[in-house]
Amino acid sequence: MKKTHIFGLIVIAIAVAILVSTGTEASTYTDFADAEVKAKSGDVNQVHVVGKLKKSATGDIEDLIYNPAIDANHLEFTLTDNKGRSQKVVYNAPKPQDLGKAEQIVIIGSMEGQVFKCEKILLKCPSKYQDGNAEFKEVEKPAKQS
Amino acid sequence: MFHTTIGNIGHLCIILSFVASVIATFGYFKSVQTIDLVQQESWKRFSRYAFYVHSAAVVGVIASLFSIIYNHYFEYHYAWSHSSKALPVYYIISCFWEGQEGSFLLWIFWHAVLGIVLINTNKHWEAPVMAIFAAVQTFLCSMILGVVLPVIDLKIGSSPFLMMREAMPDLPIWQMKPDFIAEDGRGLNPLLQNYWMVIHPPTLFLGFATTLIPFAYAMAGLWRREYSAWIRPALPWALFSGLVLGVGIIMGGYWAYETLNFGGYWNWDPVENASFVPWLVLVATYHCMIIYKTNQTALRTSFILVIATFILVLYSTFLNRSGVLGEASVHSFTDLGLSGQLLIYLLFFLLIAVGLLAWRWKEVPSDEKEVSTYSREFWIFMGATTLCLSAFQIIAATSLPVYNKIVEGLGFVSKLAPPADAATYYSKFQLWFGVGIAVFSGIGQSFWWKKIKQENFAKYFLTPVLASLILTFVVIFFTTKSQTGDFFGSPTYIVLLFGGIFSILTNGSILFDIFKGNYKLSGGAVTHIGVAMMLLGILFSSGYSKVVSINTAGFNISNDKSFTDNNGKENKENVMLWLNTPQKMDNYTLTYKGVRVEGRELPDYLRPEQVEIIENDFHAVALQDIEQKGKKYYSKGDTLPVFPENKYYEIDFRDKDGRVTTLYPRFQINKKMGNSVSPALKRNLGTDLYTYVALAPDLDQREWSKTEDYNIAVKDTFFLNDYVAVLDNVTRVNEFEGKPLGANDAAVQATIKVMGKEFIQYEIKPTFVIRNGMVAMPPIENNEVGIRAKFTNIDPKTGKFGFAFNTTQRDYVVLKAIEKPLINLLWIGTLVLMVGFTMAIIRRYREFKLMRDKGL
């Protein structure tokens, strides 16, 4: 076998490894029930859950706990996913500024026991001008620092 | 009155530019295909005029659109959605390319300019190269054509000259008032109101546009069966493209670092990735072209990579503009319904290029002899392969939403989402590609300049490897000692550190050698040093960025597992600062001093009590004389321009030596994409301090408690909002709200002292006024203790005074601060890279010119 062939094989092997890892490490869009099953089966990958916040008639978010005077880095709220299941969500970062205005949110994280531990929140805010066209805005909890 | 003429002129110019580009494509095509020399020449001349007409029409389109935006003709949808009257003149130009149509125009404009340059610098290749150019222009012009084909009712392109009425026909206003013109536009996204956003898009699009040149030359070479002659004229352009596109990308990163709050310069967002991937392949491309120039190998690879670069540019355009990314990206363009057209554009050139290459493949000369491991070609090729693999990994992951669409198109369900933690995911691979690039650039350059053979290979590399190892450990030692970072916690970082140092040492020693001879040849070494510096800058600033805003207040509301994990660090990365209450944080003592307003023509920020902002306008009225830096700018009552959407939080950082730095992180009310937070940076040579306000209460919407009435005598002590308060004194005053009182008027002012946190004392001074027979008791607010007070009553019989109090949450901000060590290495490395690129371009252009003038 020529050296060029060996070289080509190595390159192909790396490319395949990249593709496989892209497939396996990609997150998925799912619901709370599935997230719970995944967490119980020991799957450590984080998932995306799309859902709505419970709001009162006056537009306030119900079941929202955030008290910066006590802990600025702790937010709790309840999210109802597309299948109608409501779930307590914990987000260890300050409350995203526009949370109350969001129509729909995407949370990224995983189930831990009875709560969904969320690492990142995507807000879908109704844009004032674009009729019906919602835009996504990313609120990222800064990466874990060591 | 609608200004319809200007829009009609603009639209006519679009149609003209489209038609002229079709004619130019056809004419140049005929010129290449004709054998008769006279006919060839006449087709060429004809098409050249067609291309000039096309270019003139493009300038006409741009001039029309610009004058619509500049003159605020809000009857046009583009002006209404991307500009406003409040916009300073220097940002008007950014409005032009905020929308998708305008950015297409910018791209078309650069192609037209580059086409004219090519026509006038290289006659030999004009016909085939310009045929490709004109064909690309045809596709791009069709994106903004805005024409509906009759009979089949097919809309082609989206014109920037649509009236509001045409763009949004469903608005009820048209029934009531057909000649309605909006008072003002929606404005430019305030996040883009930044000097980098004036120069970043034109630079990036010039980078994209220049990738067409090597592609057009490669196509021309295949077309005319001149398989190797195209390399020489294409090479300086490929280098130029690499420089401009690279600089454009870094500019975007620098803007993100200064403006967005994700904590860095790169977020692995699809939009960023889509511009970075073609750049990586482009860099690999001209390395292969250089191999071919010196050694007649890698010609086929050069063809493949040149084509890949251009197709990747088209692919990234498709990703960002077709709406396929949907929710995967924050800042992709809104979907204009062009996805079909974009896909045809992409597939057309993909098929033509791949088809032509396949057709000619057998004729393209290739070198069958075995490549030696001890040759410079081998090592440069290794470097190029690493670059391509790096690009492949990024594009494979960025395309996840595309796989979903394809699978859904086949009738299955696919719910793949992007990796949850993009930075960790991409870095895992890219770190090793970084190591490869650094090491191969060092070895490759050494092979290039030195006579290295199998026998002296070990001898030659022993010294640089040993020196790099020693230096690596010295750096690790000092990093650990200064507590910047722990290299032993992450051994892979050591490998990258070694790679970067090795690259700097080897390239540095080569640079030193060449400089003694002909410095003009040292572009490569300089560029590689720049890249190695950038890698080290990225390693330190990202790998060892450190949160300094660790919450040390000791509050922990829960002992729940999720709180105590990871040493409780997770929920402590933001500190809360009460107004005017110093708080310790790492090596600093922080004090939040209040909200500030930004004047447009002032050197410093304004305190809110100095001005009153006029609602729905960008002006404010001065409530007092405004004096800054010893100069009086405005008198009381003057109107001054401000940026009403921006709020700044003044925060003092006092370090251990007592030095105070004041930073102003920003909060922006952004109607276009939701409110956004921008950091403030304290730039130091070694480490940047990066800080932003994660949360601040909305002071306009805060809730006050129920009114509590107090009847108290002077020196009485009472509790207010959990603080101890004393009515210190009550005195008569002769002035009210800055104006002297009349003869029959009277005013009394009370001084209430409140003992705040840390025993800081605050004074609240409400006034009781009788003027023109009327009683006034204006409320006085103090944000530091969250108290609002009214002086309501004076009882001469008992000597007691009546007050009404409301209390609220005190003013505060939640702050995050991060240290970014050695980030300046990244920026300095970029500058070094730019210098190296420029040297290489000059050298390769001279070579091309010399040979062209010799008639070769």
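The following exercises, with worked solutions, concern chain B of a predicted model.

**Exercise 1. Describe the overall make-up of chain B.**

Solution. Begin with the secondary structure: chain B holds 22 helices and 30 strands. Next, consider its extent: along the principal axes, the C-alpha atoms occupy a box of roughly 115 × 75 × 60 Å. Then turn to burial: 46% of the 856 residues of chain B count as buried, a residue being buried if 20 or more other C-beta atoms lie within 10 Å of its own. Finally, examine the contacts in chain B between residues at least 6 apart in sequence: 68% of these join residues at least 24 apart.

**Exercise 2. Determine which strands stand at the edges of the open sheet 18-29-28-27 of chain B, and explain why one side of each is left without a neighbour.**

Solution. Write down the strand order: four strands of chain B form the open sheet 18-29-28-27, with antiparallel pairing. Now count partners at the ends of this order: strand 18 (708-712) and strand 27 (780-782) of chain B each have a single partner strand, so one side of each lacks a neighbour in the sheet. The twist from one strand to the next averages 30°. To examine one edge in detail, take strand 27 of chain B, which pairs with strand 28 (residues 787-795) of chain B through three bridges in the antiparallel sense. Within this pair, Ile780(B) has Ala789(B) of strand 28 as its bridge partner.

**Exercise 3. Trace the pairings of strand 23 (residues 746-755) of chain B, beginning with strand 20 (residues 723-733) of chain B.**

Solution. Strands 20 and 23 of chain B are antiparallel and share nine bridges; here Arg732(B) is partnered by Val748(B) of strand 23. Proceed to strand 24 (residues 761-764) of chain B, which runs antiparallel to strand 23 and is joined to it by four bridges. In this pairing, Ile752(B) faces Ile764(B) of strand 24. Strand 25 (residues 767-771) of chain B is likewise antiparallel to strand 23, with four bridges between them, and Gln749(B) lies opposite Thr767(B) of strand 25.

**Exercise 4. Identify which residue takes a positive phi in the hairpin of strands 25 and 26 of chain B.**

Solution. First establish the pairing: strand 25 of chain B and strand 26 (residues 774-776) of chain B are antiparallel and share three bridges. Next locate a facing pair: Arg771(B) stands opposite Met774(B) of strand 26. Two residues lie between the strands of this hairpin, and Asn772(B) takes the positive phi, near 50°.

Conventions: Residues are numbered from 1 along each chain as its sequence is written. Chains are lettered from A and ligands numbered from 1 in the order in which they are written. This is a predicted model: local features need pLDDT of at least 70, side-chain atom pairs count only at pLDDT 80 or more; totals for chains, interfaces and linings use all residues. A residue is buried if 20 or more other C-beta atoms lie within 10 Å of its own, exposed if 12 or fewer, and partly exposed in between; C-beta atoms are placed from the backbone. Two residues are in contact if their C-beta atoms, placed from the backbone, lie within 7 Å. Two strands pair if DSSP finds at least two bridges between them. Axes are lines fitted to C-alpha atoms, for helices over the stretch in contact, and angles run from 0 to 180 degrees between N-to-C directions.
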